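Here's a quick briefing on the open and closed spaces in this protein. Have a look at the model first, then use the notes below to find your way around.

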Amino acid sequence: MPGSLVCFDPACRRRFSITDVLYNCPACGGLLEAEYSPPPADAPALRKTWRERRLSESPLDASGVWRYREMLPFLDDYSAVVTLREGNTPLLDAPAAAAYGGLDGLQFKHQGYNPSGSFKDNGMTAGVAQARRLGMRTVACVSTGNTSASMAAYAAAAGIKAVIFIPHGNIAYGKLAQALEYGALTIQVEANFDQILALVRELAEREGIYLLNSVNPFRIEGQKTIMIEMLDQRGWKTPDWVVLPGGNLGNVSAFGKALRELREAGLIARLPRLAVIQAEGAAPFYDLFRSAAEGPLRPVGDPQTLATAIRIGAPVSWPKALREIRASVGLVESVAEQDIADAKAVIGRAGIGCEPASAATLAGIRKLSAAGRLRRDEDVVAVLTGHLLKDPDYIHRYHTGQLDDPGGARLASTFGNRPIVAPNDPARIAAILREK
Ligand code: F0G
């Protein structure tokens, strides 16, 4: 077998077959991770192979995930793969956003350019491949919206049944719309993300459904390619920092694992520092980091943020995330609702745009720069996790001065751009144009 599942807990480290249907260690309950040996081929050969595959039209090579398959060799047969050409997302220079963030330069790795509009697609193609390899007929997840949109798309493409569980009334409309359009059985539960996750884990075990939340180690394997592709695009020049939003903390776990494995394979010489940004009202990982304790993480009982994607109070992957923050000498920061909203508008004005959770990155960068924890000349990559159109309601409210924070306080429309209603009258419209 190419690899095995290993318990993440250093005190346990039990090993299981790569084809066992497990989300936690049956012995100690710890998180699981995929481990491979021997390490992949030599670095120059890999770089060359990956470059050459960009010219290939074969679906596997054209995928921005499977192009890098040597780094996630858990399949013994690639016929299980369903690809929607995920990954292949751009690295965009954003000088105006850099200036706002107090930096000389800033690059956005924009995962919103994925087929379902978020970074979840990188992980989902891998998770669904594993589901097919195992012969699973139904997949399920609980989601703040993007995981469900992505899972619904990949399950539909693979011809397997998708069941999604979402917190009733608390997901952005664009995401719910996707799940419906892709044909997933959609269950809106009157509970929050953390409560629903506990429920779904029980159901998955009882009903033989394959769980595709980020506790699924194969999702993490797929999300590693976000870092691999970013470094490939930069000619393997390691940035000083990689900044990303944190919710359930699967993504930072994937990034850290990828970077350590790339270093082991000789593809990079050092690790970038990872900076995870949480929303103030849903920041249990920030609290843990600030306390300098090894854990356990103390959940936030009633997490609140308008960035609904990261409205999570009990992030499952915190032990992995903490390891990666420590390994990379990284940090965790939290940001206010107003700062997320304004940073989001600044990213929009750069012609780029993103959903609210993604904008926590720039808000965090600005805060860290102001505090002197990021230097102006440092080389920073921020990961924008979701597409602008995921949450149009938030955008309209912000620009028209109608956006209230979760406590009901009105947020300032600092960079507002209100539409103007005009009569059908060329003279009056010409006057508006002159005035503006
Ligand atoms: N950004 C976006 C747009 C997300 O959808 C999520 C997570 C995150 C950031 C946080 O990533 O959980 O790996 O730390 N969304 C999940 C979902 C929880 O259900 O779609 P994380």
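The notes below go through two pockets and a cavity. Keep in mind that this is a predicted model. The largest pocket holds about 340 Å³ of space, and the second largest has a volume of about 290 Å³. A search of the whole structure also turns up 1 cavity of 30 Å³ or more.

**Largest pocket**
- There are 18 residues in the lining, and the closest to the centre are Leu306, Thr308, Asp391, Asp393 and Tyr394.
- Helix 14 (residues 392-399) is the top contributor to this lining, giving 3 residues.
- Sorted by class, you get 7 nonpolar, 6 polar and 5 charged residues here.

**Second largest pocket**
- Here 17 residues make up the lining, with Glu35, Tyr36, Lys257, Glu261 and Glu264 nearest the centre.
- Two or more lining residues come from each of strand 3 (32-35) and helix 9 (250-264).
- Helix 9 gives the most, with 4 residues.
- The lining of this pocket splits into 9 charged and 8 nonpolar residues, with no polar ones.

**Largest cavity**
- About 290 Å³ of space lies inside the largest cavity.
- Its lining counts 25 residues, and Phe119, Lys120, Gly247, Asn248 and Ala309 sit nearest the centre.
- Helix 5 (146-158), helix 8 (217-233) and helix 9 each supply two or more of the lining residues.
- By class, the cavity lining has 13 polar, 9 nonpolar and 3 charged residues.

Methods: Residues are numbered from 1 along each chain as its sequence is written. This is a predicted model: local features need pLDDT of at least 70, side-chain atom pairs count only at pLDDT 80 or more; totals for chains, interfaces and linings use all residues. Side-chain values use heavy atoms; hydrogens and water are left out. On a 1 Å grid over the protein atoms alone, a cavity is a set of points where a 1.4 Å probe fits but cannot get out, and a pocket is an open set with protein on both sides within 12 Å along at least five of seven lines; lining residues have an atom within 4 Å of a point. Grid points are joined across faces, edges and corners, and a volume is the space filled by probe spheres set on the points. Ala, Val, Leu, Ile, Met, Phe, Trp, Tyr, Cys and Pro count as nonpolar, Asp, Glu, Lys and Arg as charged, and the others, Gly among them, as polar.
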